[in-house]
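Biologist: Could we go through this chain together, beginning with its overall form and then turning to one pair of helices?

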Amino acid sequence: MSDDYLVRIGKLIRDARQHRGWTQSQLADALGTSQSAVNRIERGNQNISLEMIARIGEALDSEIVSLGYAGPMHLRVVGRRRLSGAIDVKTSKNACVALLCGALLNKGRTVLRRVARIEEVYRLLEVLGSIGVRTRWINDGRDLEIVPPADLDMDSIDAEAARRTRSIIMFLGPLLHRMDVFRLPYAGGCDLGTRTIEPHMIALRRFGLDITATEGIYHAQVDRSITPGRPIVLTERGDTVTENALLAAARHDGVTVIRNASSNYMVQDLCFFLEALGVKVEGVGTTTLTVHGVPTIDVDVDYCPSEDPVEAMSLIAAAVVTESELTIRRVPIEFLEIELAVLEEMGLDHDRGGEYAADNGRTRLVDLTVRPSKLEAPIDKIHPMPFPGLNIDNVPFFAAIAAVAQGQTLIHDWVYDNRAIYLTDLNRLGGRLQLLDPHRVLVEGPTRWRAAEMMCPPALRPAVVVLLAMMAAEGTSVLRNVYVINRGYEELAERLNSVGAQIEIFRDI
């Protein structure tokens with residue numbers, strides 16, 4: 001290999017190692033080599049075989065290079081381009097994956113309209129297909145048809161696809177009604193620190209589900225004699241925890257009360273979908289849900305999930321950091337009111353149109369126009385709260401927004417162990433972010449963004465934040481291995497290009 005390629009590969013290995021949180025010594029131990037050898041490899045000062053590159057990629061769980069098939073996708077971003085025009089918000093990623101899991105409740109045909117065509121959905125479709133569920137895209141690929149078999153073939157489950165999505169955990173609620181014994185691979189997804197399934201189990205044990213975990217597999221057994229005789233109190237007001245409890249309650253022959261429930265957007269969409277299946281749900285939008293379950297669901301149902309408030313926040317942040325005037329259409333305003341109130345206090349200049357109904361007939365949408373604004377750091381810290389508070393997934397976007405505001409902003413991401421750390425990747429692009437501890441970061445603005453080449457953070461929202469900063473930076477940046485962005489956003493680069501960005505998709509040879 002030429003010296004130039006050795007240097008480039010060395011930089012990729014170094015970035016992948018740092019994102020894994022490993023030292024050079026830890027990587028050396030995994031490879032059975034010395035720390036000095038790893039140091040030489042990362043500096044491009046040592047010849048390296050394809051076999052060694054493959055071993056390093058396996059150790060770091062990162063695709064350094066690929067042979068014989070399409071390699072990882074990268075983005076080349078030409079910055080300092082103003083956005084203009086209008087862009088529509090796509091349907092909710094988190095709602096779509098919950099509805100795919102919810103379709104397992106139904107013996108009939110389920111059609112989901114305008115499903116987000118993202119990697120998270122594709123992984124779930126691979127899993128569903130492997131256990132016998134027939135799925136196909138219809139209406140020129142806009143909608144998704146789901147038809148389950150009479151019996152699921154859990155022994156043939158695609159474990160690799162299942163481990164690449166955290167959403168697989170929501171199979172537990174529907175499956176406990178379909179079989180007495182089954183196995184499910186451990187959930188994967190973003191690297192956001194240690195997260196147990198115990199909050200799920202506290203709810204699902206009330207329906208007779210018992211799980212033992214061995215060697216990457218959940219072994220599930222259902223005791224039909226156990227039913228929830230009193231209200232289920234969730235120990236964590238989590239979205240997927242609430243959804244799992246809802247999915248279990250939907251086919252429980254009786255009334256289930258779920259307290260301390262999340263009332264977030266994807267939970268509401270799942271409630272609306274369950275109602276379309278014939279399950280009565282009282283208290284939608286509150287923290288107490290009363291579910292009137294039905295033991296058998298066999299209906300043909302047609303449902304359209306609502307738009308994604310986190311994608312809407314992404315597009316708002318894109319307009320802010322690039323100092324652009326941009327209209328964002330189909331914004332689910334109910335789930336962004338706190339964020340917009342904070343931005344108004346910071347000085348955001350924007351207009352919002354009148355409210356209209358989403359295609360599900362329930363969610364309130366508006367069209368929002370954001371204009372270039374002189375922002376000041378907020379007086380109070382930015383921190384998430386369960387809905388109707390500031391959405392946990394919107395917190396990272398405030399790191400980029402705070403970086404262009406005058407003054408210091410404290411961001412406290414108290415939920416996830418690692419995500420605040422990934423926000424400091426903005427320092428590679430000229431940001432001034434100081435990590436106070438694994439949950440708190442201090443952002444100093446305003447920022448003069450500069451171009452850089454870097455690996456994509458292994459968490460969805462911080463990865464998009466880095467992309468937005470690259471769009472604002474002077475010069476050309478490269479963001480490598482953007483699979484994590486494709487997990488949650490449909491054709492994001494192409495759609496941003498449609499309103500004036502200059503982002504090129506490419507792959508290594």
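Modeller: What follows is a short exchange on the whole chain and on one helix contact.

Modeller: This is a predicted model, in which local features need pLDDT of at least 70 and side-chain atom pairs count only at pLDDT 80 or more, while totals for chains, interfaces and linings use all residues. Residues are numbered from 1 along each chain as its sequence is written, and side-chain values use heavy atoms, with hydrogens and water left out.

Biologist: What radius of gyration does the chain have, beside that of a compact globule?

Modeller: The radius is taken over C-alpha atoms, and the globule rule is 2.2 Å times the number of residues to the power 0.38. For 509 residues the rule gives a value near 23 Å, and the chain agrees with it, having 23 Å.

Biologist: What share of the residues is buried?

Modeller: Buried means under 20% relative accessible area, with a 1.4 Å probe and protein chains only. Of the 509 residues in the chain, the buried ones make up 57%.

Biologist: At what angle do the axes of α2 and α4 cross?

Modeller: Helices are DSSP runs of H or I with at least four residues, numbered from the N terminus. Axes are lines fitted to C-alpha atoms over the stretch in contact, with angles from 0 to 180 degrees between N-to-C directions. The axes of α2 (residues 24-31) and α4 (residues 50-60) come within 10 Å, and they cross at roughly 115°.

Biologist: Which residues of α4 does α2 meet?

Modeller: Contact means heavy atoms within 4.5 Å. From α2, Leu27, Ala30 and Leu31 take part, and in α4 they meet Met52, Arg55, Ile56, Ala59 and Leu60.

Notes: Helix = DSSP H or I, 4+ residues; strand = E, 2+ residues; numbered from the N terminus. Buried < 20%, exposed > 50% of the residue type's maximum accessible area, 1.4 Å probe, protein only.
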